[in-house]
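Work through the exercises below with the sequence and the model side by side, and try each task before reading its solution.

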Amino acid sequence: MINIEEQRIALSEIGEEMLNLCHSQVELAFEAFTIFDTDLAEEIILKENRVNALDLKIERDTDNFIALYNPVATDLRFALAILKINYNLERIGDQAYDIANHTLDLNQKLAPELIEKLEFNLMFDTLGSMFNDVLSAYTDENLKAARKVFKKDKIINKINSNTFNIVEEEVGKNPELIRQYLMALVVMKKFEKIGDLLKNISESIIYYVDAKVLKHKKKK
């Protein structure tokens, strides 16, 4: 039987695979929506099956880890953190899937001025930075990187909170773009939700790593 340390490494690696896959899905979703690329949108929809398969595998492998090794202390925190992280990643995958479907439903390219006024690029760049922080926190047990996510999430929330007022003002000026603006509101909310889910993942990483550090301090 594989020892507990080897099994933890295997679980951690598949969790990292899930994180990278969901990050890729979000990147593709942003590109598909902002430049109206239906091929990318279809790719996201097809890859959702891979996200769901990894989700089920992580759940199953973590359940087996708990059943076989009866983990306690740090090992138990690790297992609980993996389950929470996986749950939030699967929901991130769902958001990307929804954005892809909204892209197909809209069936037109966004006006460049809409992208600029709603700060789509700033929102996406901030989300990308949050994903990088989460990856660093996850792979290197970097608490500083994990805590950066909370501050960046506030930027996402501010951009999203401004969108309604901007749309309300712009629709009157460009009524022909009303469908684009309304769909943009929906999609911006999806990106804002992804920010919240990344924050949840950071909290789970801190939950595990902080307790591990405290345990080692007590031993010393």
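**Exercise 1. Follow the salt bridges of Lys 173, and find which residues they join into one network.**

Solution. Begin with Lys 173 and Glu 170, whose side chains meet in a salt bridge with 3.6 Å from N to O; as in everything that follows, the model being read here is a predicted one. Next, place the pair on the chain: Lys 173 and Glu 170 both belong to helix α6, where they are three residues apart, about one turn of the helix. Then compare their surroundings: Glu 170 has a relative accessible area of 6%, and because buried means under 20%, Glu 170 counts as buried, whereas Lys 173, at 53% relative accessibility, counts as exposed. Lys 173 also forms a salt bridge with Glu 169, with the closest N and O atoms 3.3 Å apart, and these two residues of helix α6 are four residues apart, again about one turn of the helix. Finally, put the partners together: salt bridges with shared partners join Lys 117, Glu 169, Glu 170 and Lys 173 into one network.

**Exercise 2. Find which helices are tied together by the salt bridge between Asp 210 and Arg 147.**

Solution. The structure holds twelve salt bridges, and in one of them the side chains of Asp 210 and Arg 147 meet at 3.7 Å, N to O. Asp 210 lies in helix α7 and Arg 147 in helix α6, so this pair links parts that are 63 residues apart in sequence. As for exposure, Asp 210 is partly exposed at 29% relative accessible area, and Arg 147 is likewise partly exposed, at 42%.

**Exercise 3. Determine which helix gives the most residues to the largest nonpolar core.**

Solution. The largest nonpolar core has 70 residues, and Ile 92, Phe 120, Phe 191 and Leu 198 are those with the most contacts inside it. At least two residues of this core come from each of α1, α2, α3, α4, α5, α6 and α7, and α7 gives the most, with 15 residues. For a closer view, take Phe 120, which touches, among others, Phe 30, Leu 114, Val 187 and Phe 191.

**Exercise 4. Describe what lines the largest pocket.**

Solution. The largest pocket has a volume of about 230 Å³, and of the 16 residues that line it, Ser 12, Phe 78, Tyr 138, Glu 141 and Tyr 208 lie nearest its centre. Helices α1, α3, α5 and α7 each supply at least two residues of this lining, which divides into ten nonpolar, two polar and four charged residues.

Key
Residues numbered from 1 in each chain as written. Predicted model: local features only at pLDDT ≥ 70, side-chain atom pairs only at ≥ 80, totals over all residues. Heavy atoms only, no water. 1 Å grid on protein atoms, 1.4 Å probe; cavity = no way out; pocket = protein on both sides within 12 Å on 5 of 7 lines; lining within 4 Å. Points joined across faces, edges and corners; volume = space filled by probe spheres on them. Nonpolar A, V, L, I, M, F, W, Y, C, P; charged D, E, K, R; others polar. Core = buried A, V, L, I, M, F, W, Y, C linked by side-chain atoms within 4.5 Å. Buried < 20%, exposed > 50% of the residue type's maximum accessible area, 1.4 Å probe, protein only. Contact = heavy atoms within 4.5 Å. Salt bridge = Lys/Arg side-chain N within 4 Å of Asp/Glu carboxyl O. Lists of a residue's contacts leave out its neighbours within four places in sequence.
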